[in-house]
Amino acid sequence: MSIHVLLNCVGDPIPMFREAGFATEDVVVTPKATHLEIADLHQLIRGSTAILTPLTIKIDGAFLDAAGPMLKVVANYAVGVDNIDLEACAARGVAVCNGPPPMVEPTADIAWALLLATARRLREGIRVAESGDWTGYDSQLLLGHRLHGGTLLVVGAGRIGAAVARRAIGWNMRVLYTARTPKPTLEASPISATKVALEDGLPLADAVVLTISLDHSTRHLIDAAALALMKPSSVLVNVSRGPVVDEVALANALSEKRILGAGLDVYEHEPKIERRLLDCPNVLVLPHIGSATVEDRLDLTRLSVENILAVLTGRKPPHEVTPSDSRS
Ligand code: GLV
């Protein structure tokens, strides 16, 4: 039995595996496996029965072949599974698990932090305040736009999108959402959201929050044409995956002031961030920390271990993802 943990989890997973009857030597932790050369990574995981992986490692056919036929489960230390070839796993009988519950609320918080920060131009405000050049109160200084009573569009209203929408009650916002299927709990009071097509929602929104999963159908969903539909006073927030947005088109829209601002936690080519985005004054960037709280990451570690233990002991894991699972 060989369980490979390919990252530095928050909270040590080894005692959790030991409590379940595994020996310490059954669990191998390689904290920075992401930075290994592919050949070394593939060598490392040879003969594994279970793998706990960060979202930065690509789990494709070559990885699975390198692991070999003993592999039973890949647990992603994330909710998004776009780094995993689900079909290739299914074809080899490898279960794929993720950990949605601890990711939902902290990611919705970060979405709102970015939303408020961009609508109220906090990055520019902090620069002025810290510069030493501030000349005092000015009624025209850094006018943002009102979110209260405005319209929020949640693109891809799954669990995280619903948590973003729920927070909008406090701002008395009208909520629009896109999703593959209607979401009765979002449409019910008190959120009272309305399902719309993306192209119908974008022109109405004061704030657009992306919480949609990345797959072939959502890559560059927000492209030049979509950005052109947004109001000049609106802001875009992305807490899903970078490639959902065409970053060059976004940089163009921002530098030509076709939208007010953007709050980003994720990027097309992480950890690289498009230079022109960084140069736009009202772009607030974070280093993919949507779910990064001590409490939630501890929960994610526990959940990941539970997922692995369930598969290895022939039980149904709490959170399994299959190729037919719909995007959120
Ligand atoms: C983080 O991005 C996650 O998918 O959990």
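**A buried aspartate, a covered ligand and a long-range helix**

The side chain of Asp206 puts a polar atom 2.7 Å from the backbone nitrogen of Thr151. This is a predicted model, and that pairing is a handy place to start looking around it. Asp206 sits in the loop that runs between α9 (198–201) and β9 (207–210). With a relative accessibility of 16%, Asp206 counts as buried, because the cut-off for buried is under 20%. Setting aside residues up to four places away in sequence, Asp206 touches Gly150 and Thr151, and also Lys231, Ser233, Ser234 and Val235.

Next comes the ligand. Leu55, Ala78, Val79, Gly80, Met103, Arg241 and His288 are the residues around the ligand. By character, this shell splits into four nonpolar residues, two polar ones and one charged one. Three of the residues have polar atoms that can be placed against ligand oxygens. For Gly80, a polar backbone atom is 2.8 Å from an oxygen atom of the ligand. For Arg241, the partner is an N or O atom in the side chain, 2.7 Å from a ligand oxygen. His288 also uses its side chain, with a polar atom 2.6 Å from an oxygen atom of the ligand. On its own the ligand has 190 Å² of accessible area, and the protein covers 87% of that.

Helix α13 takes in residues 294–312, 19 residues in all. From first C-alpha to last, α13 reaches 27 Å, close to the 27 Å expected at 1.5 Å a residue. Which residues of α13 are buried? The list starts with Asp296, Leu300, Thr301, Leu303, Ser304 and Val305, and goes on through Asn307, Ile308, Leu309, Ala310, Val311 and Leu312. These buried residues pack against strands and helices alike: β1 (3–5), β3 (50–53), β4 (73–76) and β5 (95–97), along with α1 (14–19) and α5 (101–119). Just after α13, Gly314 takes a positive phi of about 75°.

Phe22 gives another view of α13. Its place is the loop between α1 and β2 (27–29). Phe22 counts as buried, with a relative accessibility of 12%. Apart from residues up to four places away in sequence, Phe22 touches Met1, Ile3, Phe17, Leu309 and Leu312. Leu309 and Leu312 are both among the buried residues of α13. Phe22 and Leu309 are 287 residues apart in sequence, yet their C-alpha atoms are 9.8 Å apart in space.

Helix α7 (residues 159–167) has its own buried set, made up of Ile160, Gly161, Ala163, Val164, Ala165 and Arg167. What do the buried residues of α7 pack against? The partners are α5, β6 (151–155), β7 (174–178), α8 and β9. Helix α5 is also a partner of the buried residues of α13.

Pro182 is found in the loop between β7 and α8. Is Pro182 buried or exposed? At 55% relative accessibility, Pro182 counts as exposed, because exposed means over 50%. Leaving out neighbours within four places in sequence, Pro182 is in contact with Tyr177, Glu187 and Lys195. Pro182 and Val285 are 103 residues apart in sequence, and 32 Å separates their C-alpha atoms.

A few backbone oddities round out the picture. Ser189 and Pro190 are joined by a cis peptide bond with omega of about 10°, and Pro190 lies in the loop between α8 (184–187) and β8 (194–195). Glu270 and Pro271 are likewise joined by a cis peptide bond, here with omega of about 5°. Pro271 belongs to the loop between β11 (261–264) and α12 (275–279).

Positive phi values turn up at non-glycine residues too. Arg121, although not a glycine, has a positive phi of about 55°, and its place is the loop between α5 and α6 (122–131). His220, again not a glycine, also has a positive phi of about 55°. His220 lies in the loop between β9 and α10 (224–228), where it is partly exposed, with a relative accessible area of 30%.

How values were computed:
Residues numbered from 1 in each chain as written. Predicted model: local features only at pLDDT ≥ 70, side-chain atom pairs only at ≥ 80, totals over all residues. Heavy atoms only, no water. Helix = DSSP H or I, 4+ residues; strand = E, 2+ residues; numbered from the N terminus. Buried < 20%, exposed > 50% of the residue type's maximum accessible area, 1.4 Å probe, protein only. Polar contact = N/O pair within 3.5 Å; in protein donor to acceptor, adjacent residues only side chain to side chain. Contact = heavy atoms within 4.5 Å. Near = heavy atom within 4 Å. Areas by Shrake-Rupley, 256 points an atom, 1.4 Å probe, with all protein chains shown as cover. Nonpolar A, V, L, I, M, F, W, Y, C, P; charged D, E, K, R; others polar. Expected span 1.5 Å × (residues − 1).
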